[in-house]
Amino acid sequence: MKAASRRPVVIIGAGPVGVMAGLLLARHGVRSLLLERHRDIYPLPRAVVVDDEIRRILQSAGVHEEFAALARPAPGLRLLDAGRRVIAEFPRSMHGHHGFPQTSMFDQPELERLLRDALARRPECELWSGVEVVSVTQSVARDTDGPNDPTGPVRVTLRRDGSDEEEHLWADAVLGCDGAGSLTRDAIGAVWEDLHFEESWRVIDVRTSRPVRTWEGAEQICSPTRPATFMRVSEDRYRWEFRLADDQNLEGPDGWERLRELVAPWVDLPPDASPGNDFEVVRQAQYTFRARLADRWRSGRVFLLGDAAHLTPPFVGQGLCAGLRDAQNLTWKLARVLQRGASEGLLDTYERERKPHARHVIRVAVAVGWAMTGGQDRGAAFRRAVVGTACRIPGVTAAVGRDLSPALTAGPLVRRRPRLTGRMLAGTFCPQPWVRHDGRRVRLDDVLGESFAVLTAVPPTAQMTAVATALGAPTIRVDDLGDDGTLAGWLARGRADAVLLRPDRVVMDTVPAGTSDFTDTVAWAPLLHTARHTADARPA
């Protein structure tokens with residue numbers, strides 16, 4: 001047995017969520033070691049869609065320009081009946097709140113290669129492939145609040161490919177990004193909460209040069225007998241998903257004829273056609289779509305992210321998105337604790353903020369899945385009519401799209417107090433317009449940097465300046481940014497003179513219009529160890 005070594009952060013699983021976590025930690029100066037049992041990335045497509053919030057996370061990881069070169073913006077989603085008549089349409093903007101197209105199609109192996117190439121350029125990150133993690137054991141730190149306070153270092157036991165010899169690593173924190181069958185989830189004693197959806201679907205990825213009838217967005221066929229999903233992924237790549245029984249094989253001569261029948265509404269394949277260069281099945285796999293949520297996401301310094309923490313049906317395209325949001329939410333908090341000695345309570349906000357959002361997204365996906373398979377009886381026809389009518393009301397479809405990423409629930413870092421007038425900004429994302437900086441046209445986040453930031457529409461007060469200094473945050477006047485008025489309008493609608501942005505660009509605190517102070521430093525300052533600085537800054 002080899003001697004144990006110590007690492008700041010060990011990440012188990014080098015899929016897109018694990019690699020993103022490593023890249024974001026590196027951005028904050030935290031070193032990490034990624035352990036992956038496979039030698040290389042999985043070569044076949046899986047996830048195919050991300051939203052504009054995820055594009056912003058890719059920007060923070062420094063890979064958004066490379067991703068833009070391989071992504072295809074899509075105009076939205078249509079719900080169709082069995083005859084392919086439109087029930088409802090949910091359009092998506094080419095320039096969303098986060099400064100990117102609201103829907104982007106892509107090929108997951110290309111994204112994973114891009115992320116790994118970026119990881120290889122970061123000296124803070126190291127990847128070990130062909131490594132099997134055997135166990136994860138949380139120790140108890142000394143001088144804690146009690147014998148059951150597991151905040152000490154974490155021991156990770158592993159075996160390298162082809163070896164029976166066990167090695168040990170000690171880590172200040174372990175991130176379990178090891179998928180639905182997560183060993184890390186078992187290690188912290190977490191169990192699944194069943195959210196009551198389980199269906200078997202066949203996913204088929206095709207490359208073809210044949211004409212395909214498509215409106216360029218995603219289509220969801222609502223039918224009790226043959227529900228389906230269809231989308232164009234890239235120039236010549238398409239995806240179909242059909243709910244099929246396990247014994248309905250699409251391989252071999254009989255399977256090819258069945259596949260030809262399934263895709264007939266979109267593409268014409270002659271009876272004498274056969275799989276070949278003009279219609280190549282790149283991949284087909286049978287999946288069981290499930291809706292599940294881990295009952296706990298943290299034990300001490302061991303955390304669950306991505307599919308280890310939540311499973312969602314794919315009907316609203318949020319499976320990978322949810323995992324990347326996990327990485328964005330956790331990494332800046334973990335960096336603050338490891339590097340600046342912030343309170344362990346800061347880490348408690350990870351599950352508190354992310355779990356309700358994950359539950360919400362899963363429920364939306366289950367609802368869409370139910371709508372797709374809810375029947376063709378009289379009640380189903382009535383429901384379709386109601387949906388179609390509702391979606392013609394101005395603003396309804398836009399509201400449904402926004403509802404996939406609602407404001408964070410109230411907590412120590414999000415003080416959402418009811419107000420008589422104005423809209424609460426706390427817990428929402430700051431918009432990201434194009435701005436002018438050093439004579440160049442750039443996106444807002446490129447000016448804000450990787451830490452906290454204060455955006456203000458008025459001259460900074462003493463307390464604003466003190467808060468910014470304590471957090472190492474730039475203070476930026478929106479009038480100096482040369483945007484199109486987006487930021488000033490956003491502050492005005494929120495009845496705020498200034499906002500304090502977290503590193504993930506969520507509004508943590510506000511200076512209400514006509515006042516001079518942030519309202520809730522007493523709530524969040526102790527978690528960030530800035531209480532003394534902000535208290536000293538308050539006027540007599």
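## Charges over rings

In this predicted model, Arg 78 lies over the face of Trp 215. The distance to the ring centre is 4.0 Å. Arg 160 is placed in a similar way: its charged end sits over the ring of Trp 128. Here the distance to the centre is 4.2 Å.

## Aromatic pairs

A pair of aromatic rings is described by the distance of the centres and the angle of the planes. The model holds 16 aromatic pairs, counting rings whose centres lie within 6.5 Å.

Tyr 238 and Trp 240 make one of them, with ring centres 6.3 Å apart. Their planes stand at 35°, so this pair is tilted. Is Tyr 238 buried or exposed? Tyr 238 counts as buried, because its relative accessibility is 7% and the cut-off for buried is under 20%. Trp 240 is buried too, with a relative accessible area of 0%.

Trp 240 also pairs with Phe 279. Those ring centres are 6.3 Å apart. The planes meet at 40°, so this pair is tilted as well. Which strands does the pair connect? Trp 240 lies in strand S15, residues 237-243. Phe 279 lies in strand S16, residues 279-294. The pair therefore ties together parts that are 39 residues apart in sequence. Both Trp 240 and Phe 279 are buried.

## One aromatic cluster

Tyr 238, Trp 240 and Phe 279 belong to one aromatic cluster. Its other members are Phe 230, Phe 242, Trp 256 and Trp 266.

## Two helices in contact

Helix H2 covers residues 52-60, and helix H7 covers residues 319-340. The two pack with their axes 10 Å apart. The angle between them is about 45°, so H2 and H7 are oblique to each other. H2 passes H7 in a left-handed crossing.

Which residues make the contact? From H2 come Glu 53, Ile 54, Ile 57 and Ser 60. From H7 come Cys 321, Leu 324, Arg 325 and Gln 328.

## The loop before H7

Thr 312 is found in the loop between strand S19, residues 310-311, and H7. Is Thr 312 buried or exposed? At 19% relative accessibility, Thr 312 counts as buried, because the limit is under 20%.

What does Thr 312 touch? Leaving out residues up to four places away in sequence, Thr 312 touches Arg 290, Gln 318 and Gly 319. Val 361, Ile 362 and Ala 365 are also touched by Thr 312.

Conventions:
Residues are numbered from 1 along each chain as its sequence is written. This is a predicted model: local features need pLDDT of at least 70, side-chain atom pairs count only at pLDDT 80 or more; totals for chains, interfaces and linings use all residues. Side-chain values use heavy atoms; hydrogens and water are left out. Rings of Phe, Tyr and Trp (its six-membered ring) pair if their centres lie within 6.5 Å; planes under 30 degrees apart count as stacked, over 60 as edge-to-face and the rest as tilted. Buried means under 20% relative accessible area, exposed over 50%, partly exposed in between (1.4 Å probe, protein chains only). Helices (H or I, at least four residues) and strands (E, at least two) are DSSP runs, numbered from the N terminus. A charge sits over a ring if NZ of Lys or CZ of Arg is within 6 Å of the ring centre and within 35 degrees of the ring normal. Axes are lines fitted to C-alpha atoms, for helices over the stretch in contact, and angles run from 0 to 180 degrees between N-to-C directions. Angles under 35 degrees count as roughly parallel, over 145 as roughly antiparallel, 65 to 115 as roughly perpendicular and the rest as oblique. A crossing is left-handed if the near helix is turned anticlockwise from the far one by less than a right angle, and right-handed if clockwise. Contact means heavy atoms within 4.5 Å.
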